Amino acid sequence: MKHSIKRQMIVMFLGVIVCVMLVLFVINANYLGSFYVSNKEIKFIRMYERLNQAMAEGTAYSPDLSAELRRMAERNNMSFLVINDTGEEDMGVITNVYDMDVLRKQLMGYLLNQAQKNNKVLESTDTYQISQAKDPWTQTNYIEMWGILDDGSYFLIRSPLESIQDSAMLSNRFLIYIGCAALAVSMVLVWYFSKKLTDPILELAVLSDRMANLDFDAKYTSGGQNEIGELGANFNRMSGKLERTISELKSANNNLQKDIEQKEKLEQMRNDFMGNVSHELKTPIALIQGYAEGLKDGVACDKESMEFYCDVIMDEADKMNQMVKNLLTLNQLEFGGDEITFERFDLTNVIHGVLQNMEILAQPKEAKVIFRQQEPVYVWADEFKVEQVIRNYVSNAFHHLDGDRVVEVKIKVEDKRAKVTVFNTGTPIPEEDLPRIWDKFYKVDKAHTREYGGNGIGLSIVKAIMESFHQEYGVNNYDNGVEFWFTLEV
């Protein structure tokens with residue numbers, strides 16, 4: 001991502017590191033020498049005070065004190081010379097160098113005011129002066145301090161500037177090397193820590209996108225005890241609450257629509273129900289009555305005929321019982337007495353279960369059942385009623401098999417809808433019958449339907465269930481068979 005937080009963090013932190021290194025380099029290059037000189041002045045003053053104390057106490061010529069003064073001078077890279085006011089060597093000289101001619105000449109030049117023309121005075125008092133000078137004999141730059149002690153002796157302390165300049169250059173070079181190494185290490189560390197910080201944020205971004213598309217299986221898994229971890233836990237809680245809320249809203253919305261439609265259809269449905277029941281029950285009741293009267297009148301005298309009469313009566317009674325059950329189911333659906341619970345479930349798993357349970361119907365029909373879907377497809381609906389629809393479609397397909405004797409079930413997901421199709425090879429439904437196959441008790445082939453015990457209610461139940469879901473359903477004719485279908489919300 002062009003504007004990713006990780007990239008911005010890396011650029012920002014590396015920019016800060018580079019700026020800090022540049023500032024350090026500039027400060028080091030421009031102010032290290034001045035700082036060194038200022039520090040040297042302090043050490044010169046301390047050396048001056050120690051010499052002044054030693055001369056005042058008269059202990060400067062003692063071996064122990066002389067050794068201490070030499071160590072102090074060497075530790076600070078200083079050369080010093082102290083002579084009495086006559087300037088004669090035999091009157092007493094204190095120094096830490098073997099060849100004191102250069103120091104003596106320089107001190108005499110100061111005393112005679114001949115060595116100050118090109119000097120840069122750094123500090124001056126009544127008793128001493130600190131300046132930056134160039135030795136006329138060696139052409140070396142020095143920091144020098146000269147003046148008079150309390151006992152009247154003259155002194156000169158000097159330290160070469162060359163070491164200061166070398167130290168500054170070496171320090172700058174060292175800073176460059178350290179800066180480059182620190183930058184390389186910082187790049188690795190910044191990349192690593194920015195990745196540790198931004199990966200959970202990226203996971204939350206993906207999670208929020210999936211939740212926006214109503215994918216409530218998405219969960220934050222990185223954990224952590226910091227603010228991001230707490231935010232991820234809140235996302236997970238919100239996902240669960242949203243799923244429950246949407247389920248409740250869908251159920252409430254469906255119930256509201258159902259109540260509105262129920263008032264409009266109630267009276268018509270009652271009239272249709274009574275008329276259809278009386279019409280459909282006439283035939284089986286007449287058969288039962290006729291065969292029962294035949295038994296009573298002794299029409300069937302032999303055992304075989306009596307068993308046949310009894311079988312007919314039992315078969316018709318079973319069909320009536322099944323029809324009544326289906327009518328009760330349809331009545332509950334159409335009158336709104338059956339509560340619909342919307343939930344999220346795997347449609348693929350439901351279809352596999354129905355096909356497995358109905359395998360006993362497929363074997364005598366020698367049906368070849370095909371269902372290739374393996375990936376889960378999650379939908380919103382009443383799982384039990386969806387199973388009823390699939391069972392009715394598959395049962396209907398088994399009863400009308402012909403030709404290659406293939407039953408194929410498919411799931412197609414398009415535009416946030418899952419379309420389930422159940423195809424069976426056989427004779428297409430006549431075009432004039434297509435609009436009426438969803439009506440109660442309507443049978444395209446009445447002889448064939450009665451043969452397997454159908455009562456024309458199965459597709460009416462499908463219609464009632466799908467309309468209670470406010471989803472689409474239908475049938476398509478093909479040259480080699482028929483395909484029934486319905487849709488659900490993904």
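## Rings, charges and one helix

Trp146 is buried, since its relative accessible area of 14% falls under the 20% cut-off. That value, like everything below, comes from a predicted model.

Who keeps Trp146 company? Tyr110 and Trp146 make up a stacked aromatic pair, with 5.1 Å from centre to centre and 10° between the planes. This one ties together distant parts of the chain: Tyr110 belongs to helix H3 (residues 101-111), Trp146 to strand E5 (residues 141-148), and the two are 36 residues apart. Tyr110 is tucked away too, counting as buried because its relative accessibility is 1%.

Now for an edge-to-face case. Trp438 and Tyr473 pair up that way, at 4.8 Å centre to centre with 80° between the planes. Again distant parts of the chain are linked: Trp438 is in the loop between strand E11 (417-425) and helix H10 (446-452), while Tyr473 is in strand E12 (residues 473-478), 35 residues apart. Trp438 has a relative accessibility of 10%, so it counts as buried.

Here are those two pairs next to each other:

| Pair | Arrangement | Centre to centre | Angle between planes |
|---|---|---|---|
| Tyr110 and Trp146 | stacked | 5.1 Å | 10° |
| Trp438 and Tyr473 | edge-to-face | 4.8 Å | 80° |

The count of aromatic pairs comes to 9. Trp438 and Tyr473 also turn up in a cluster, joined through ring pairs with Tyr393, Phe484 and Phe486.

Rings have charged company as well. Over the ring of Trp485 sits the charged end of Lys419, 4.7 Å from the ring centre. Arg344 does something similar with Tyr378, lying over the face of that ring at 4.5 Å from its centre.

On to helix H2, which covers residues 63-75. Its 13 residues reach 18 Å from the first C-alpha to the last, close to the 18 Å expected at 1.5 Å a residue. Which residues of H2 are buried? They are Leu65, Ser66, Leu69, Met72 and Ala73. Looking down the axis of H2, you find these buried residues within an arc of 125°, so they line one face of the helix. Turned away from that buried side is a face carrying the exposed residues Pro63, Asp64, Arg71, Glu74 and Arg75. Just after H2 comes Asn77, with a positive phi of about 55°.

Notes. Residues numbered from 1 in each chain as written. Predicted model: local features only at pLDDT ≥ 70, side-chain atom pairs only at ≥ 80, totals over all residues. Heavy atoms only, no water. Helix = DSSP H or I, 4+ residues; strand = E, 2+ residues; numbered from the N terminus. Expected span 1.5 Å × (residues − 1). Buried < 20%, exposed > 50% of the residue type's maximum accessible area, 1.4 Å probe, protein only. Arc of directions from axis to C-beta. Phe/Tyr/Trp six-rings, centres within 6.5 Å; stacked < 30°, edge-to-face > 60°. Lys NZ or Arg CZ within 6 Å of the ring centre and 35° of its normal.
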